[in-house]
Amino acid sequence: MFSKLPISSKTEKILTKSLDEAITVEEANHLMNIKGTDLYPLLATADYLRHEIAGDDVTFINNCNINFTNICTVRCGFCAFGKDAGDPEAYILNDEQILTKAQGAVEKGAHEFCLMGGVLPDADIEYYEHLLRLLKGEYPNVMIHGFSPTMINDACTVSGIDIAEGCERLCDAGLDTLPGTAAEILTDRSREIICPEKVNVQEWIDIVKIAHEVGIPGSATIMYGHVETLKERVEHIDIIRRLQEETHGFTEFIPMTFMHEYSPIFLEGQSNLGASGIEDLKLYAVSRLMLRDLIPNIQVSWVKMGFRFAHVALTAGTNDLGGTLGGDELSEASGAPDGVEASIETLEGMVRDLGRNPVERNSKYTEFYPINKGIEMPTL
Ligand code: SF4
């Protein structure tokens, strides 16, 4: 396949092997470090595997983020969104405000509410059950993608129950899927720098495993480009794939590039500027070669990368464009380059311009709704 291309023999050997089986950690580390003319064969291989495994549909979801509070006890070093309880900009949405936001999203055809926010002091499991029942009571057919392993861990501690009981209660109250947030980078060395108050690697694995076992599937993320090494990126993806081999509970994998501009760790000189565009593309491609059909859906986060680069990233092994979002205050606080809301028309145009098929989906990738508004070119 690569005989006419100027490519190193080691890279060629790994890419050829990847056409039939998942690559090893050592092989992934080699690919994360390639430069020059080895890059495009890697991207082409990842895109070929995407075509073979996920086909030519590019999915996305009509959804709405409901950021119910920005008060947060955790205060991660990379986050420009969380506030202390007494901060003049701190807020907690009341029931009426949450339902008003939800109603606006439903009127635009939302299939998902993404319930995200800070980790409130003293929030117990009843508080999160209340939010779920509030929304499910009014909108039983809209899926709820919400909370994080850190929130669940804290709420179970406050309520004096174990994680399994907490997850079962959230599932009964209507939690459909768990976002992959709080994964950040799954190595304790980096977590000590960027989010020392969050659950550690083993706690994150244990909580996600229990959530999957009680019937709450969810996404897996990686947030990279801050203080971690290239090897730690591979280590993270390998943890995700080993967990998926056990639970099969991950619906998608979402690489999220670090947005440095307003991040406290960057402003204090403790982090990098973020990943380069080439590093972003390598991460998508290597993820595809490591995860293959074990996690067939790999998502491009347009809100982190901007529409133009997200468009390019769809050619590096990815098959999902995330959601329309209807706002995302966490990304907005970090300086989202193209805003925090996408129209269906913009996403359709991006997909059609690649010669692929735009398809709306639900949170669990179990229902699909092809889009045909006739938009061939995006206005980006
Ligand atoms: S990333 Fe989440 S947990 Fe961390 S400070 Fe921000 S809101 Fe809090």
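User: Leaving aside its neighbours within four places in sequence, with which residues is Phe113 in contact?

Analyst: In this predicted model, Phe113 is in contact with Cys64, Ile66, Ala102, Ala105, Leu135, Val142 and Ile144, once neighbours within four places in sequence are left aside. Phe113 also belongs to the largest nonpolar core, which holds 105 residues; Phe113, Leu115 and Ala285 are the members that touch the most others. Helix α12 supplies the largest share of this core, eight residues.

User: How should one read the buried residues of a helix, and which residues of α2 are buried?

Analyst: An α-helix has 3.6 residues a turn, so positions three or four places apart point the same way. In α2, residues 25-32, the buried residues are Glu27, Ala28 and Leu31. Viewed down the axis of α2, these buried residues fall within an arc of 100°, and they therefore line one face of the helix.

User: Against which helices do the buried residues of α2 pack?

Analyst: Their packing partners are α1 (9-18), α3 (39-54), α10 (230-247) and α12 (277-291).

User: Turning to strands, how many residues of β1 are buried?

Analyst: In a regular strand the side chains alternate between the two faces of the sheet. Four of the five residues of β1 (residues 57-61) are buried, so this strand is largely enclosed by the rest of the structure.

User: In which sense does β1 pair with β8, and which residue of β8 stands opposite Phe60?

Analyst: The pairing of β1 with β8 (residues 357-361) is parallel and extends over four bridges. Opposite Phe60 in β8 stands Glu360. β1 is also joined to β7 (residues 320-323) by two bridges, again in the parallel sense. There, Ile61 has Gly323 as its bridge partner.

User: Backbone angles also deserve attention. What is the phi of Arg75, and where does this residue lie?

Analyst: Arg75 has a positive phi of about 50°, although it is not a glycine. Arg75 lies in the loop between β2 (63-67) and α4 (95-107). It counts as partly exposed because it has 16 C-beta neighbours inside 10 Å. His248, another residue other than glycine, has a positive phi near 50°. His248 lies in the loop between α10 and β6 (250-257), and with 12 C-beta neighbours inside 10 Å it counts as exposed.

User: Which residues surround the ligand, and how do they divide by character?

Analyst: Arg75 is one of the residues around the ligand, together with Cys72, Val74, Cys76, Cys79, Phe81, Gly82, Gly118, Val119 and Thr150. This shell divides into six nonpolar, three polar and one charged residue.

Methods
Residues are numbered from 1 along each chain as its sequence is written. This is a predicted model: local features need pLDDT of at least 70, side-chain atom pairs count only at pLDDT 80 or more; totals for chains, interfaces and linings use all residues. A residue is buried if 20 or more other C-beta atoms lie within 10 Å of its own, exposed if 12 or fewer, and partly exposed in between; C-beta atoms are placed from the backbone. The arc is that of the directions from the helix axis to the C-beta atoms. Two residues are in contact if their C-beta atoms, placed from the backbone, lie within 7 Å. A nonpolar core is a set of buried Ala, Val, Leu, Ile, Met, Phe, Trp, Tyr and Cys residues joined through C-beta atoms within 7 Å. A residue is near a molecule or strand if its C-beta atom, placed from the backbone, lies within 6 Å of it. Ala, Val, Leu, Ile, Met, Phe, Trp, Tyr, Cys and Pro count as nonpolar, Asp, Glu, Lys and Arg as charged, and the others, Gly among them, as polar. Two strands pair if DSSP finds at least two bridges between them.
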